[in-house]
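Student: I am new to this structure and would like a close look at a single part of it. Please take the aromatic residues and the elements around them, one step after another.

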Amino acid sequence: LNRPIIMTADRVLHLLRAPAASPAAAHGRGPPRPQRVGLPPVKRRVGVACSSSTEEEGMTYKGAGVDIDAGSELVRRIRKMAPWIGGFGGILPHKDEYLVFSVDGVGTKLKLAFETGIHDTIGIDLVAMSVNDILTSGAKPLVFSDYYATGKLDVDLAEKVIKGILDGCEQSGCNLIGGETAEMPGFYAEGEYDLGGFAMGVVDKDKLINGKNIVEGDILIGLPSNGVHSNGFSLVRRVLDKSGLSLTDQFPGNDGKTTTVGETLMTPTIIYVKQVLEIISKGGVKGLAHITGGGFTDNIPRVFPSGLGAKIFTGSWEVPPVFKWLQHVGKIEDAEMMRTFNMGVGMVLVVSKGAADRIIEQSSPAYRVGEVIQGKGVHYV
């Protein structure tokens with residue numbers, strides 16, 4: 001899967017400062033090696049959420065096996081050792097630019113890929129999770145590298161996965177510059193694999209978006225998602241088990257669309273890069289939040305200065321049928337839904353009042369989902 005780098009070589013070297021290597025090592029994927037990849041620890045965050053409700057009252061993320069308290073404690077300890085870590089991406093100053101880094105996976109959505117046999121889009125999810133995070137700084141993604149690990153290499157299956165990664169790179173305008181294939185017998189169940197991805201982007205120093213200029217009265221604009229994207233699948237799979245539906249059954253209440261349950265849940269994450277960079281180029285954007293694990297409740301406050309919170313206008317956007325189905329079958333409380341899933345909004349822009357109407361008009365579909373208020377946290381009205 002070697003391929004040439006589209007950007008100029010001096011640009012790559014300027015940004016990466018990589019040691020000299022053979023063309024195969026620098027630009028492609030070498031033979032499988034039984035070792036783990038060492039991806040830079042450019043960010044550390046908890047991408048999960050839960051409420052205190054019990055399983056009898058309704059399903060929760062914690063009840064599905066994801067313990068946000070343990071994750072939060074780990075982040076707290078890491079920040080004691082490395083206090084600069086945080087945000088959606090790691091930022092490194094370099095001359096007149098900032099390099100922005102992100103590393104991520106796709107979580108237990110992989111389990112559904114194994115069960116449905118849909119492997120050609122999971123790579124899009126992998127790219128999306130990192131490049132959408134980079135985007136929140138206003139950075140344009142430049143390069144992506146992947147890690148594919150399995151017990152026994154199935155070349156045809158791996159090719160499908162990497163094709164999806166290439167599709168994701170094309171959608172985000174970046175280059176797949178290489179990756180690692182690790183074959184580790186006895187480590188994974190037959191037919192299963194794991195994925196990791198690392199992306200780097202760049203933004204001029206005077207164009208960095210960091211939320212520092214956000215003030216009370218600024219407007220929150222939501223860009224629609226197309227489904228669950230790539231988080232919350234530990235809870236999704238529990239709901240699916242409870243529903244009694246199979247992945248090949250028609251998905252209920254899907255606005256007349258004839259898609260199976262598996263196809264609905266495996267819909268790949270939207271990559272917002274080209275749309276959002278176009279919006280940013282016209283001015284007025286002060287902050288960006290990628291709505292992944294933690295939903296609105298945990299992700300939006302991450303871009304605010306101290307002392308500011310958000311008021312969210314529930315009902316101001318269209319919630320896709322998949323979330324209504326999940327909540328109904330799982331008897332999931334509203335607060336749990338808003339802290340676990342994107343609920344139909346995959347990216348939130350914090351913009352000035354004067355720019356809000358223009359951005360909504362030029363970005364249709366887009367929703368005015370809330371506003372910045374004095375206080376702390378997210379309040380739903």
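Tutor: F198 is buried, with a relative accessible area of 13%, which falls under the 20% limit for a buried residue. The model is a predicted one, and F198 takes part in one of its seven aromatic pairs. The partner is F101: the two ring centres are 6.0 Å apart and the planes stand at 15 degrees, so the pair is stacked, since stacking asks for planes under 30 degrees apart. This pair links distant parts of the chain, with F101 in strand 2 (residues 97-104) and F198 in strand 5, 97 residues apart. F101 is also buried, and its relative accessible area is 13%.

Another pair is formed by F114 and Y193, whose ring centres lie 5.0 Å apart; their planes meet at 80 degrees, so this pair is edge-to-face, the term for planes over 60 degrees apart. F114 belongs to helix 4 and Y193 to strand 5, so the pair ties together parts that are 79 residues apart in sequence. Y193 has a relative accessible area of 3% and is therefore buried. F114 and Y193 also join Y148 in one aromatic cluster.

F114 leads on to the helix that carries it. Helix 4 covers residues 109-116, and its buried residues are K109, L110, L112, A113 and F114. Among the elements that cover these buried residues are strand 5 (193-204), helix 5 (122-135), helix 7 (233-243) and helix 8 (261-265). After helix 4 comes G117, which has a positive phi, near 80 degrees.

One more ring has a charge as its neighbour. This ring is that of Y98, and the charged end of K205 sits over it, 5.6 Å from the ring centre.

Helix 5, one of the elements covering helix 4, has a packing partner as well. Two packed helices are described by the angle between their axes and the distance between the axes. For helix 5 and helix 9 (residues 273-281), the angle is about 5 degrees and the axes are 10 Å apart. That angle makes helix 5 roughly parallel to helix 9, as angles under 35 degrees count as such. On the side of helix 5 the contact is made by V131, N132 and L135, and on the side of helix 9 by V273, V276 and L277. Sorted by type, the residues of this contact are five nonpolar, one polar and no charged.

Methods. Residues numbered from 1 in each chain as written. Predicted model: local features only at pLDDT ≥ 70, side-chain atom pairs only at ≥ 80, totals over all residues. Heavy atoms only, no water. Buried < 20%, exposed > 50% of the residue type's maximum accessible area, 1.4 Å probe, protein only. Helix = DSSP H or I, 4+ residues; strand = E, 2+ residues; numbered from the N terminus. Contact = heavy atoms within 4.5 Å. Phe/Tyr/Trp six-rings, centres within 6.5 Å; stacked < 30°, edge-to-face > 60°. Lys NZ or Arg CZ within 6 Å of the ring centre and 35° of its normal. Axes fitted to C-alpha atoms, helices over the stretch in contact; angles between N-to-C directions. Parallel < 35°, antiparallel > 145°, perpendicular 65-115°, else oblique. Nonpolar A, V, L, I, M, F, W, Y, C, P; charged D, E, K, R; others polar.
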